[in-house]
Amino acid sequence: MAGGAVVSGGSGGNPLRNGFIRREYLWAFILVTSLFFLWGFAYGLLDVLNKHFQNVLGITKLQSTGLQVAYFGIGYFAYSPVAGEVLKRRGYKTAIVMGLSLYSLGAILFWPVAKFSVNTKNPQAIFGGFVICTAVIACGLATLEVAANSYVSVMPPHNVANFRLQFSQSFNGVASFTGPLIASKYFFGDGNSDNLTNVQWVYLAVSGMGMLVALAFILTKLPEVSEEALQAEAEALAETHGGNSKASEPFYKQYRAITGFVAQFLYVGAQVTIGSFFLNYTAENAHIKDSRGSQLLSYALIIFTVGRFVGTALLAVISAPVLLAVYAVMCALLSILIGSLHGMSGVICLMLVMFFESIMYPCIFVLGTSGLGRHTRRAAALLVMGVSGGAVFPPIQGAIADKFSTRTSYYLVVPCFVYIALWAVYIWNQDGRRFGVPAAGELEREIEAAQGGVVPAAAVGALGYAGGKQEEEMYETKDQVENIEKAR
């Protein structure tokens, strides 16, 4: 994209033409987007490690899901509230640096565990060590997700928040197919399929990458988006629609966030379930070797990534709830086919479902946290807690696969996608039943109407309100806005 198509003046319209990020946030946006690549890479390796540990350490399918339980249960479910409080009290920069530090620590701990695995007589203990390392990495990734997803969502202008987060998440997709590609060469390649030696070198590189990105954040001054600004925006918009702002109510009454947590919990549970047993499905249902299956998983994740970019383009013209509902219905139908078909046709459906999964996480996150004012950061932590669905569903699927078959276990995800489709319709109804994307101008006019023609300073910062020279004359710098707020 040309620079003019990325940097926005806040004029609204199609973000592919008019931009989706304010100039003062551009470098921060680039740095934060790099985080999406980091955790996409870590997640891409996780699914392949699942099968690799089965082969090398002789553990069952159900036992191998301990990695997912540690990753999603300890990291995301247990640690996300901690990350949310750090974000609320110390801001985005502190939370991000803390997340990168934990990520790098967990990755470097893979090295001694892999060293001890050579000629070990206790493979269960070695696997336990890898589970602990995975949990530490997951605590770091949970912190990064709470901070990065929230930060990209609240950057101005707000009318294209779904588009912007989908764009950043696209790089997560690029990383998630890079992981299995590397694993197919270094984990399952000649001489490595029966040992864990190369695991240590891959994770040492991951640790080094995390440290470099942490240093870049330490040396960068990130612009903050305050909760006061978000609260002012939510209250002004609520006044326009003739009601009180729900953002002023206690957090336990924020039903948008709570139902969004359930949607995220079910989506991630379904996504992890589909990915975790991909290699088992290809081996049992189509008699494909693990090295070839790992390549097919990479191709499926490439399809996922393509879906992210296609979804980004579609979100420029179609409202997020509408697109989310359509994609969820397609996932439900394909999941039924995965559980019903034999051979390569089932594998093709398994790969295709990843295309329609692609937009779900960022869409659910933005829809579940928008318009919540002072509750935005806490809601972000709650939505990231929803990632813990990845700890619940794989053991259930593993038990079904051990008792019946891997193919049959894929019916487990069908109800998940049905709920997501229904939730998308609920949000679509709450948001005024729009089929298209509202222009920034619509939000600006609503704010002006609510405030008697004057846009409050806090809302200016939160919405990315731009009025050309008029804005420059009224609020030339961020310091002036802060001085006006203090004077009030």
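Start by selecting two groups of residues in this predicted model. In helix α7, pick Tyr92, Ala95, Ile96, Met98, Gly99, Leu100, Leu102, Tyr103, Leu105, Gly106 and Ala107; they meet Cys133, Val136, Ile137, Cys139, Gly140, Leu141, Thr143, Leu144, Ala147, Ser150, Tyr151 and Val154 in α9. Colour this contact by class and you'll get 18 nonpolar residues, five polar ones and no charged ones.

Now switch to a cartoon view of the two helices. What should you look for in a pair like this? Two packed helices are described by the angle between their axes and the distance between the axes. Here, the axes of α7 and α9 (residues 123-154) come within 7 Å, crossing at roughly 155 degrees. Angles over 145 degrees count as roughly antiparallel, so that is what α7 is relative to α9. As for the hand of the crossing, α7 and α9 make a left-handed one.

Next, hide α9 and keep α7, residues 92-108. Put a distance label between its first and last C-alpha: this 17-residue helix reaches 25 Å, close to the 24 Å expected at 1.5 Å a residue.

Which residues of α7 are buried? Select Tyr92, Ala95, Ile96, Val97, Gly99, Leu100, Tyr103, Ser104, Gly106 and Ala107 to see them.

Finally, zoom out to the whole protein chain. You'll find 26 helices and two strands. Of its 488 residues, 60% count as buried. If you draw the chain's contacts with a separation of 6 or more, 80% of them come from residues 24 or more positions apart.

Definitions and conventions: Residues numbered from 1 in each chain as written. Predicted model: local features only at pLDDT ≥ 70, side-chain atom pairs only at ≥ 80, totals over all residues. Heavy atoms only, no water. Helix = DSSP H or I, 4+ residues; strand = E, 2+ residues; numbered from the N terminus. Expected span 1.5 Å × (residues − 1). Buried < 20%, exposed > 50% of the residue type's maximum accessible area, 1.4 Å probe, protein only. Axes fitted to C-alpha atoms, helices over the stretch in contact; angles between N-to-C directions. Parallel < 35°, antiparallel > 145°, perpendicular 65-115°, else oblique. Left-handed = near helix turned anticlockwise from the far one by under 90°. Contact = heavy atoms within 4.5 Å. Nonpolar A, V, L, I, M, F, W, Y, C, P; charged D, E, K, R; others polar.
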